[in-house]
Structure formats: structure tokens, C-alpha cells
Amino acid sequence: MEALNIEKIADYTYSIEFEDYDYDSMEVKLGEKFKGGGGCASVVNGDFFGRNLDWCYDDAAYFVVKTPATDDRYGVIGVAGLINGLTADVVDSGEWNDNYEVVPFNLLDGINDQGLTVNILVVPNGLYADTTGTNPEGEDLCATRLVRTVLDYCSTVDEAIELIKSSNIYAPHSDAMSQEFHWRIADGEKDVVIELVDNEVKVIEDQPVVTNFFLWDYDGVNMPDNPEGIERFNILKENYDTASTKEGMIKLMESVNFSQTYDTSMVPFWYSEQAIPEGCTSADYGDPDLSDGDLSKAGKWEDLIAESLENYKAGRQPMGKGKAWITCYTTVFDMANKTMTVIPQETGEEYEFSF
């Protein structure tokens, strides 16, 4: 395998093309190389599909990946990243690195030349048991490879559901990562969320907004367990109607850029997004109900917020060591016109890609 035409788009963001890639070699490598999924958000409104990828403010490289159509696979454009060993410095060096072999499989979101769009988001690890296999009679499918596989071989949401249900999906757990996931899949006519609950595939309809908590048992009123991203979820849900155009979707996704979690004047305060030290829970920091933005009752939360803001202002950390988060990129897909617009690093600069 050899990557072609690696071009720098912006800081930490590149485009890369692959003529071919080897499925057989990837099942183990993905578990070894993939860092995780990140705190993310996804919205679908008609033909427009928006996605933020939030992750550590570090030196990880992200790639706009292009792969051509073949006799048995669709053409695909997507974004890959969070791969151990692929930092911006490594890519900028211009030297071949074996970790590039993982890039075409490690799609975090993408669209194919049929207009089908998919993305992956994390959910609380182990809340409904670790996913070891959803269909023992099916072919093994690593959860981190699902985006690539669906985009390569499916043209509609219904075809994607059929492929997923017939596969034996498992979540990789290794020294490199330990995550569980859910997925948004849309084709302009239909959209669903796929979740894995106790090794069973759940297909959820009529949920236009997704962040980082399980939706299969969320009734729209009662707070779900471990509601990470609930503040972003509510903002997106309340302003969903503004995202019926490409420009509207870009603006909506910008409204939940992750850097805003460090803004202590924000109402409501994003308490679920704070990086709580290992071994602690939100209860250790006093009353987490800061919906009115009044930090005077926040107790130790005020110290935690100050520490998060200090880490954010300090800039980038070595890969995987970041203690503050940022929206590493936003993608907006136009499923009717089969285009992908990428906005890296909360810059507001738009880069459009098409087939």
C-alpha cells in the first residue's frame, strides 16, 4: 500500500489519496493504532449532515481521505485521524510511515459517491457491557472499521442496516484504546442511529441530534445515564430548524465548538464536558446543576474550570497527553450534491471536496 498526493490543507490537517487498501491486514492493526473516538456531535437536517470531532488539544494529524470507486466498492471521501504515531511533525517530514496503512480504514466520518453518509461517536464505555460480538455467525467487523465498510459497500441506509446486522461487530480493547461507539447513518431520504447494547444492534429513528450518550432508552424528557454532551445536545436540538442549508448547518455546528466549554459566562454552563480527575465523580465537585450560570454555588467546580481554561490557553500537548479539548474539525456533508466541507481547528476556514 502506498499513499499518494499528501497535501497540507491547514495546520494539523492534510488530504491524502489511496488507490487501494488491504482489508485483510486491518482487523488487528486498527485495535493497536486507533486512539479513540472523541467527544463529538452530529446533526442531520434534510440533505445536510453536520459533525464536530472534539478531542485533546494536541498534535494529532487529521486527513481528508479520498479513495476511488472500483468494480466492487464505491468512491469515498472522509476524514480520518486519532492514529498513534501520526503527528503533524511526522506528516510534515514527507517521509513514509507504516501508520499510513491504517488511515483509509480509520474514517471518523465520510460520504460515498451514492450520497450515503456515516460518522462514529463515542458513548460511555461499558455502560451496557463491552461489545464482544453482535452476531457470532457473521463476519467479524471491528467497530472502528464500520464507517469505511459501510461507505465502501452500501448505497442506502437500509443496505447499511442489513450489513451491520449481518456482521459480528466488536469494539477493540487494547493498550491503545478502550471505547464503545454509536453511529449516525443518513442518505438524504432516511437517517438512523446505530447503537450496540449488550451485544445487540439497536436501530434508532427520529433522532436528528447525536452527542455522546446512549439514545436507545432516551425518551426525550428524562436525563439518560452518563449524559456526556447533554448541553451540546440541547443547543443543537433547540436550534435544529436553522440547519436546513449548508450555511445554516455550519453555523449550528459552530455554536457547539468545544472551546466554549471554558467560557465561564456561558449559560447554561457545560458541566458534563469538564475533565474530572481520575477517581472522582461530578458529585465530588458540589452541585453540578449550574443551568443558570451562577458559579458562586459551584464549589470546587470553579477550581476545575480554572484549571481547564489554563490548560487550554497553554496550547498543544504531546499526542494523547492533552488536558484541554478543542473541536479539531467540523464536517458538513451535502448529500444531494455529494460534497464534504471541512473546517479545521475552529478556524472558520472552509475547504470543500467532491467526487
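I take two rings of Phe, Tyr or Trp (for Trp, the six-membered ring) as a pair if their centres lie within 6.5 Å, and I keep in mind that this is a predicted model.

**Aromatic pairs.** Searching the whole structure on that basis, I find 17 aromatic pairs. I looked at Tyr62 and Tyr329, whose ring centres are 5.7 Å apart with planes at 65°, so I enter the pair as edge-to-face, planes over 60 degrees apart being counted that way. The pair joins distant parts of the chain, since Tyr62 belongs to strand β5 and Tyr329 to strand β15, 267 residues apart. Tyr62 has 2% relative accessibility and therefore counts as buried; Tyr329, at 1%, likewise counts as buried. I then turned to Phe213 and Tyr218, with centres 5.5 Å apart and planes at 85°, so this pair is edge-to-face too, and both of these residues are buried. I also noted a cluster in which ring pairs link Trp55, Tyr57, Phe258, Tyr262, Tyr312 and Trp325.

**Arginines over rings.** I find Arg316 over the face of Tyr12, at 3.6 Å from the ring centre, and Arg148 over the face of Tyr21, at 4.7 Å from the ring centre. Arg148 is also one of the buried residues of helix α3, a helix that is mostly covered, with 7 of its 8 residues buried.

**Helix α4.** In this helix, residues 157-166, I list Val157, Ala160, Ile161, Leu163 and Ile164 as buried. Viewed down the axis of α4, the buried residues fall within an arc of 165°, so they line one face of the helix. Among the elements that cover them I record α3, together with strands including β9, β10 and β11.

Methods
Residues numbered from 1 in each chain as written. Predicted model: local features only at pLDDT ≥ 70, side-chain atom pairs only at ≥ 80, totals over all residues. Heavy atoms only, no water. Buried < 20%, exposed > 50% of the residue type's maximum accessible area, 1.4 Å probe, protein only. Helix = DSSP H or I, 4+ residues; strand = E, 2+ residues; numbered from the N terminus. Arc of directions from axis to C-beta. Contact = heavy atoms within 4.5 Å. Phe/Tyr/Trp six-rings, centres within 6.5 Å; stacked < 30°, edge-to-face > 60°. Lys NZ or Arg CZ within 6 Å of the ring centre and 35° of its normal.
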